[in-house]
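Hi everyone, thanks for making room for me today. I'd like to walk you through one structure, going from helix pairs to single residues. Have a look at it first, and then we'll start.

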Amino acid sequence: MALTEEGIVHVPGMLSRYVRLSTGVKVHYMTSGETGPAVVLLHGGINGSSGTAGWRFMAPFLGAHGFRVYAPDMPSYGLTDDPHNYYGYGRGGHVDFIHDFVRQIGVDEFHLAGNSMGCANTVQYAMAHPEQVKSMALIAGTIGDIVPLDEVRKADGRRPEEYPKIVFDGTEASMRHMLEQIILDPSLISEELVTMRTEAANRHADTYDGNLRRMINPVDVNEKVRLRTRDRLNELDIPAIYLYGRQDVVFRVEAGHLMEDRLPNIQFFYPDDTGHQGQTDQPELFNDVFLEFFRDGRVSWETSQRAGISDRRPPLPSLVEVPDPVPTS
């Protein structure tokens with residue numbers, strides 16, 4: 001199947017849209033569903049990521065089950081055009097971008113979810129604008145200084161040279177190799193997906209590396225204060241779940257355990273046969289989890305078992321439909 005005239009993979013049930021923000025930035029986003037509560041889905045951060053690439057299985061599913069779904073391309077990604085790098089000042093720039101986007105499309109309250117970089121952006125947005133976030137779902141990402149990156153790496157246990165090489169050199173071959181690190185099943189990495197992501201990555205080559213460095217390692221003191229999650233994230237009462245794949249190679253599952261130990265109010269799941277982009281590896285499972293959580297406020301016990309609900313601590317009844325008594329096997 002060829003790419004559309006815009007250079008994106010055609011996904012039945014998803015529509016390509018644009019909106020211009022008051023800052024002059026032209027945002028590309030994918031949308032699905034016509035009525036119902038709003039859901040905003042935030043994609044990951046490696047080269048060539050986009051709303052289409054990250055959420056092509058989940059967005060149309062949620063759209064077909066009673067939600068209005070929005071999956072924007074972040075600055076330096078996809079088809080979003082930020083020619084003056086207006087939002088390129090780090091993680092805070094992404095928070096401001098998301099806020100400007102949802103205000104421009106007229107969405108005041110919504111469920112929010114993100115994978116990898118999108119996970120971190122979800123956490124930061126929820127802390128900055130908790131009144132707008134009905135619930136949040138996190139997939140395989142960092143959560144700020146409540147669990148600093150050096151602690152995540154230590155919990156992972158690998159030496160620097162043992163980490164997967166996620167390097168883009170402008171070619172489709174390097175893009176495919178990168179995707180093979182975050183998606184377990186190579187059959188899900190189509191030629192169209194590789195081409196779309198390669199073209200998008202090359203389109204933003206001038207700003208990508210610098211913007212990513214500012215997000216990973218903020219140096220401005222005021223920015224660090226703004227992004228602090230320590231002593232803040234646990235105080236939020238926004239319902240939240242976190243899914244961390246057991247086969248994640250970006251950071252091993254032990255990094256997820258470390259986060260779980262610091263986030264007692266978030267329900268953790270550790271799905272098997274799942275890498276870093278779980279919504280692509282296990283679309284049916286992740287679709288069910290997200291649908292139940294956003295629709296009902298809790299994940300059913302049956303789905304929780306399929307999703308590998310954490311056995312490291314008791315399940316949270318406010319987030320999971322826990323049977324009484326809880327089965328022991």
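**Helices that meet**

Let's begin with helix H6, residues 172-182, and helix H7, residues 191-203: their axes are 9 Å apart and the two pack at an angle of about 110°. That angle makes H6 roughly perpendicular to H7, and the crossing of H6 past H7 is right-handed. Before I go on, please keep in mind that this is a predicted model.

So who touches whom here? On the H6 side we have Glu-172, Met-175, Arg-176 and Leu-179, and they meet Glu-191, Leu-193, Val-194, Thr-195, Arg-197, Thr-198 and Ala-201 of H7. Sorted by class, this H6 and H7 contact holds five nonpolar, two polar and four charged residues.

Next, please turn to helix H5, residues 149-156, and helix H10, residues 253-262. Their axes lie 7 Å apart, and the packing angle is about 130°. With that angle, H5 counts as oblique to H10. Here too the crossing is right-handed, with H5 passing H10. H5 brings Glu-151, Val-152 and Ala-155 to the contact, while H10 brings Glu-254, Ala-255, Leu-258, Met-259 and Arg-262. By class, the contact of H5 with H10 comes to five nonpolar and three charged residues, with no polar ones.

The third pair is H3 with H4. How do these two cross? Their axes come within 9 Å, at roughly 70°, and that makes H3 roughly perpendicular to H4. From H3, the contact uses Arg-91, His-94, Val-95, Ile-98, His-99 and Val-102; from H4 it uses Met-117, Ala-120, Asn-121, Gln-124, Tyr-125 and Ala-128. The class split for H3 with H4 is seven nonpolar, four polar and one charged.

**Where the annotation sits**

A quick word on the record. An unreviewed UniProt entry places the feature "domain: AB hydrolase-1" at residues 37-279. In this model, that span is 41% helix and 12% strand, and its end C-alpha atoms lie 20 Å apart.

**Two buried residues and their neighbours**

Now for some single residues, starting with Gln-132. You'll find Gln-132 in the loop between helix H4, residues 117-128, and strand S6. Is Gln-132 buried or exposed? Its relative accessibility is 8%, so Gln-132 counts as buried.

Which residues does Gln-132 touch, leaving aside those up to four places away in sequence? They are His-99, Val-102, Val-107, Asp-108, Glu-109, Phe-110 and Tyr-125. Two of these names, His-99 and Val-102, you have just heard on the H3 side of its contact with H4, and Tyr-125 was on the H4 side. As for Phe-110, 22 residues separate it from Gln-132 in sequence, yet C-alpha to C-alpha they are 6.3 Å apart in space.

My other example is Ile-8, which lies in the segment before strand S1, residues 15-20. Ile-8 has a relative accessibility of 7%, so this residue counts as buried as well. Again not counting residues up to four places away in sequence, Ile-8 touches Leu-3, Ser-16, His-28, Met-30, Thr-52, Leu-79 and Met-196. Met-196 falls within the residue range of H7, 191-203, one half of the pair I opened with. Between Ile-8 and Ala-53 there are 8.7 Å in space, C-alpha to C-alpha, and the two are 45 residues apart in sequence.

**Backbone details**

I've kept the backbone for last, as I suspect some of you will like this part. Most residues other than glycine have a negative phi, and most peptide bonds are trans. With that in mind, here are three spots to look at.

Asn-85 is not a glycine, but its phi is positive, about 55°. Asn-85 sits in the loop between strand S4, residues 68-72, and helix H3, residues 91-104. With a relative accessible area of 24%, Asn-85 is partly exposed.

Ala-140 also has a positive phi without being a glycine, in this case about 50°. The loop that holds Ala-140 runs between strand S6, residues 133-139, and H5. How accessible is Ala-140? At 3% relative accessibility, Ala-140 counts as buried.

And the third spot: Asp-324 and Pro-325 are joined by a cis peptide bond, with omega about 5°. Pro-325 lies in the segment after helix H13, residues 301-306.

That's my tour, and I'm happy to take questions.

Definitions and conventions: Residues numbered from 1 in each chain as written. Predicted model: local features only at pLDDT ≥ 70, side-chain atom pairs only at ≥ 80, totals over all residues. Heavy atoms only, no water. UniProt positions renumbered as here; feature names shortened; annotations may be inferred. Helix = DSSP H or I, 4+ residues; strand = E, 2+ residues; numbered from the N terminus. Axes fitted to C-alpha atoms, helices over the stretch in contact; angles between N-to-C directions. Parallel < 35°, antiparallel > 145°, perpendicular 65-115°, else oblique. Left-handed = near helix turned anticlockwise from the far one by under 90°. Contact = heavy atoms within 4.5 Å. Nonpolar A, V, L, I, M, F, W, Y, C, P; charged D, E, K, R; others polar. Buried < 20%, exposed > 50% of the residue type's maximum accessible area, 1.4 Å probe, protein only.
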